[in-house]
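Ready for some practice in reading a protein model? Work through each exercise with the structure in view, and try it yourself before you read the solution.

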Amino acid sequence: MSLITVADIAHDDLALTPTIQSEAASEIDVISQSATDPETGLFFFVVECADVSVFESALEVDHTVSDWQLVSEREESAVYRIGHTPDTILLSPIITELGGLMLDACSNDTAGWRVRIQLSDREALSELWEYCESNDISFELNRMFRQDGWMNGEPSKLTDAQRDALVAAYEHGYFEEPREAALDDLSEVLDISPTAVSGRIRRGTAELVESILLDE
């Protein structure tokens with residue numbers, strides 16, 4: 001049994017915070033498999049942006065970025081490998097030290113990160129909170145639950161941003177026939193671009209199908 005924590009974190013020296021504040025991308029997601037190794041110093045990100053040149057200009061003046069490389073580009077999203085400067089604050093190493101796992105991290109609307117973390121117990125969560133407090137990192141707890149509360153004990157990798165988009169789409173009739181809401185309508189509700197809405201709905205739906213309907 002483990003503890004799953006969803007929290008919003010913020011600090012000017014957290015990775016990519018200046019880039020997030022620049023609004024050069026509508027969404028930045030950490031590729032979690034590369035975010036839990038404290039030794040590499042390299043992290044991979046999926047970026048939703050209308051113009052990669054604008055995003056890359058933001059990276060160039062981001063004091064948390066030491067180097068970056070465009071790995072792949074597709075429509076209005078791209079994958080980047082990014083290295084961070086020595087003074088950049090990274091939570092994944094401390095989470096690893098506590099025996100935990102950073103399940104996912106996504107930029108949020110408050111110019112910080114929303115993270116979903118797996119920890120062994122409340123004591124580990126308390127140590128993480130104390131670390132954040134001692135380093136002036138804002139740590140706002142949103143949800144906390146036990147892993148055994150999931151069906152089949154296997155959590156969905158659905159991000160909060162994808163969940164919000166799917167719930168908004170459902171509540172406003174996007175899935176009705178005929179549709180009662182268009183992407184432009186959901187864009188106004190979520191305060192993001194129609195392209196970002198479409199991407200979140202598409203990836204969120206794919207994740208739900210994979211995690212719930214497919215039999216390994």
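**Exercise 1.** Find what N108 touches, leaving out residues up to four places away in sequence. Then work out where N108 sits and whether it is buried or exposed.

*Solution.* Keep in mind that this model is predicted.

Step 1: Beyond the residues up to four places away in sequence, N108 touches D8, I20, W113 and R114.

Step 2: Now locate N108 along the chain: it belongs to the loop that lies between β6 (101-107) and β7 (113-119).

Step 3: Look at a polar contact. The N108 side chain comes to 2.9 Å from the backbone nitrogen of G112.

Step 4: Decide on burial. The cut-off for buried is under 20% relative accessible area. N108 has 14% relative accessibility, so N108 counts as buried.

**Exercise 2.** Describe the second largest pocket: how much space lies in it, and which residues lie nearest its centre?

*Solution.* Step 1: Start with the volume, which is about 570 Å³ for the second largest pocket.

Step 2: Go on to the lining. There are 23 lining residues, and those nearest the centre of the pocket are S26, S107, N108, D109 and R200. Here you meet N108 from the first exercise again.

Step 3: Ask which elements contribute. At least two lining residues come from each of α1 (17-22), β2, β6 and α5 (160-171). The largest share, three residues, is supplied by α5.

Step 4: Sort the lining by character. You should find eight nonpolar, six polar and nine charged residues.

**Exercise 3.** Trace how strand β3 (residues 42-48) pairs with β2 and with β5.

*Solution.* Step 1: Take strand β2 (residues 27-30). It runs antiparallel to β3, and four bridges join the two. To see one spot in this pairing, find D29, which has V46 of β3 opposite it.

Step 2: Turn to strand β5 (residues 77-84). Seven bridges link β5 with β3, again in the antiparallel sense. Here V47 has A78 of β5 opposite it.

Step 3: Put the steps together: β3 pairs with β2 and also with β5.

**Exercise 4.** Place S198 in its helix and classify its exposure.

*Solution.* Step 1: Helix α7 spans residues 194-213, and S198 is part of it.

Step 2: Partly exposed is the class between the cut-offs of 20% and 50%. The relative accessible area of S198 is 27%, so S198 is partly exposed.

Step 3: Finally, compare chain and space. S198 and L183 are 15 residues apart along the chain, and their C-alpha atoms are separated by 6.9 Å.

Technical notes: Residues are numbered from 1 along each chain as its sequence is written. This is a predicted model: local features need pLDDT of at least 70, side-chain atom pairs count only at pLDDT 80 or more; totals for chains, interfaces and linings use all residues. Side-chain values use heavy atoms; hydrogens and water are left out. Two strands pair if DSSP finds at least two bridges between them. Buried means under 20% relative accessible area, exposed over 50%, partly exposed in between (1.4 Å probe, protein chains only). A polar contact is a pair of N or O atoms within 3.5 Å; within protein, one must be able to donate a hydrogen and the other to accept it, and residues adjacent in sequence count only if both atoms are side-chain atoms. Contact means heavy atoms within 4.5 Å. On a 1 Å grid over the protein atoms alone, a cavity is a set of points where a 1.4 Å probe fits but cannot get out, and a pocket is an open set with protein on both sides within 12 Å along at least five of seven lines; lining residues have an atom within 4 Å of a point. Grid points are joined across faces, edges and corners, and a volume is the space filled by probe spheres set on the points. Ala, Val, Leu, Ile, Met, Phe, Trp, Tyr, Cys and Pro count as nonpolar, Asp, Glu, Lys and Arg as charged, and the others, Gly among them, as polar.
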